[in-house]
Amino acid sequence: MDIIVHRTMREQIRFVKSTGLSMAQFGILMQLHFHNDCPMSYLSSRMDISGAAASQLVDKLVQTGLLERAEDQNDRRVKKLRLSDKGMELAESSLAA
């Protein structure tokens with residue numbers, strides 16, 4: 001089992017490096033892949049990072065076209081994050097690799 005996990009992790013790291021993303025950025029993509037339309041506070045909590053750190057990571061992902069921001073319909077102060085089509089393709093291709 002250890003060998004399988006090690007190989008899988010090694011392949012995942014190789015895939016992430018080929019995309020030019022950091023592991024933290026990739027972690028955010030995967031969180032959003034499995035938990036659609038998350039607020040920033042959810043991501044920072046799940047990844048155990050500060051809100052400022054999550055915001056910086058998200059800003060870079062938005063700039064590269066992998067994420068989209070939208071206002072929460074119930075609370076305009078809350079920004080929901082979701083994968084763009086490009087981000088969804090990247091997340092799905094990482095799972096297929």
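**Questions about a predicted model**

Student: Among contacts in the chain between residues at least 6 apart in sequence, what share joins residues at least 24 apart?
Tutor: Good place to start, and remember that this model is predicted. Begin with the contacts whose residues lie at least 6 apart in sequence, then keep those that join residues at least 24 apart. The share that remains is 45%.

Student: Which pattern does the chain follow along the sequence?
Tutor: Let's count the pieces before putting them in order. The secondary structure comes to five helices and three strands. Read along the sequence, they give α-α-β-α-α-β-β-α.

Student: In what order do the three strands stand in the open sheet?
Tutor: Look at the edges of the sheet. Strand 1 (38–39) and strand 2 (67–71) each have a single partner strand, so one side of each is left without a neighbour in the sheet. The pairing is antiparallel, and the order is 1-3-2.

Student: Which residue in strand 3 is the bridge partner of Leu67?
Tutor: Strand 2 pairs with strand 3 (residues 79–83) in the antiparallel sense, over five bridges. Follow the bridge from Leu67 across to strand 3, and you arrive at Leu83.

Student: What angle does the direction of helix 4 make with that of strand 2?
Tutor: Find helix 4 at residues 51–63, where it packs on the sheet. This helix touches strand 2 and strand 3. Its direction and that of strand 2 make an angle of about 110 degrees.

Student: What percentage of the residues count as buried?
Tutor: Here a residue is called buried when its relative accessible area is under 20%. Applied to the 97 residues of the chain, that gives 33%.

Notes: Residues numbered from 1 in each chain as written. Predicted model: local features only at pLDDT ≥ 70, side-chain atom pairs only at ≥ 80, totals over all residues. Heavy atoms only, no water. Pairing = 2+ DSSP bridges. Helix = DSSP H or I, 4+ residues; strand = E, 2+ residues; numbered from the N terminus. Contact = heavy atoms within 4.5 Å. Axes fitted to C-alpha atoms, helices over the stretch in contact; angles between N-to-C directions. Buried < 20%, exposed > 50% of the residue type's maximum accessible area, 1.4 Å probe, protein only.
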